Amino acid sequence: MDASGLARLVRANQPCVVLTGAGISTESGIPDFRSPTGIWAEFDPADYASLAAFRADPAKVWRFYKPRIAMLTEAEPNAAHLALAILEQAGLVEAVVTQNVDLLHERAGSRNLVEVHRSIRTATCPACGSSYPRDVVVARLEHADAPPCDNCDAILKPDVVFFGELLPAAAIERAFELARRARLLLVVGSSLEVHPVAALPEETLLAGGRLAIVDKGPTPYDRRAELKLEGNAAEILGAVADELV
Ligand code: APR
């Protein structure tokens with residue numbers, strides 16, 4: 001089966017919920033994490049993307065995050081993001097649950113969106129709780145390697161979920177509820193390695209739903225998926241949207 005087979009599965013198994021990971025944004029120029037050329041091949045997440053690392057040396061974490069926020073801000077949604085927004089507007093995708101913090105689904109037009117790892121939309125002062133929108137943070141980063149808080153001079157923390165940090169409770173509860181109700185969970189561009197999100201396919205299967213996966217690499221659920229397409233998310237989802245809408 002190819003994109004046509006996936007299109008048939010989406011049409012025949014409603015509601016369809018989509019779970020996305022970093023692989024959906026690589027065609028927007030944003031590297032993923034666990035591919036051989038991914039970010040974690042160069043940086044140790046414990047040193048740059050954990051709450052402990054931020055608390056120990058926030059300036060070091062911002063040396064990693066400063067270029068990353070600039071890259072995410074300059075990236076544009078690709079055909080995969082746009083296809084999911086079109087399928088949602090056509091009533092064929094109920095919601096998108098994303099692990100990505102790049103805001104590309106929102107910018108592509110997805111509305112029923114669950115950001116389980118939060119996003120770069122804001123940064124917050126860990127000392128006094130003041131919140132700053134992304135464009136203010138990006139402007140600050142032009143003159144500083146780590147953005148200070150206006151009120152108490154502490155270094156702001158990006159509002160993305162770091163390793164060792166709790167996920168937003170409402171978002172993860174909504175994600176599990178969507179997975180339970182989905183007749184089809186379509187996973188796009190995720191290695192399904194990071195919990196609790198990696199347990200969402202199990203939730204769908206246990207509730208009698210079906211699984212489809214679009215991912216260039218292997219995932220632990222490949223053998224339990226109705227369909228696994230190992231190709232480019234932008235190409236495949238673009239073809240599915242062309243076929244269905
Ligand atoms: N089309 C389809 N699949 C792709 C593409 C593409 N164009 N590009 C990459 N992939 C696949 C890779 O082969 C890989 O299997 O996408 C998957 C991305 O997996 P990860 O890099 O592990 O990303 P993700 O699953 O989103 O990671 C989950 O881990 O580091 C944390 O917080 C971070 O949200 C992230 C979480």
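A polar contact is taken here as a pair of N or O atoms within 3.5 Å. In the predicted model, the side chain of Glu27 places an N or O atom 2.9 Å from a nitrogen atom of the ligand, a distance that falls within this cut-off. On the side chain of Arg34, an N or O atom lies 2.7 Å from an oxygen atom of the ligand. The backbone also takes part: an N or O atom of Gly231 is found 3.4 Å from a ligand nitrogen atom. The accessible area of the ligand taken alone is 730 Å², of which 93% is buried by the protein.

The ligand occupies the largest pocket. Its shell comprises 23 residues, with Phe33, Arg34, Ser190, Ser191 and Asp215 being the closest. Arg34 thus belongs to the closest residues and also supplies the side-chain contact to the ligand oxygen atom. Sorted by class, the shell contains twelve polar, six nonpolar and five charged residues.

The chain is divided into two domains, with domain 1 covering 1-30 + 77-117 + 167-245 and domain 2 covering 31-74 + 121-160. Each of these domains contributes at least three residues to the shell around the ligand. By these bounds, Glu27 and Gly231 fall in domain 1, and Arg34 falls in domain 2. The centres of the two domains, taken over C-alpha atoms, are 27 Å apart. Between the domains, 15 residues of domain 1 are in contact with twelve residues of domain 2.

Conventions
Residues numbered from 1 in each chain as written. Predicted model: local features only at pLDDT ≥ 70, side-chain atom pairs only at ≥ 80, totals over all residues. Heavy atoms only, no water. Near = heavy atom within 4 Å. Polar contact = N/O pair within 3.5 Å; in protein donor to acceptor, adjacent residues only side chain to side chain. Areas by Shrake-Rupley, 256 points an atom, 1.4 Å probe, with all protein chains shown as cover. 1 Å grid on protein atoms, 1.4 Å probe; cavity = no way out; pocket = protein on both sides within 12 Å on 5 of 7 lines; lining within 4 Å. Sits in = over half its atoms within 2 Å of the grid points. Nonpolar A, V, L, I, M, F, W, Y, C, P; charged D, E, K, R; others polar. Domains from an automatic or database assignment. Contact = heavy atoms within 4.5 Å.
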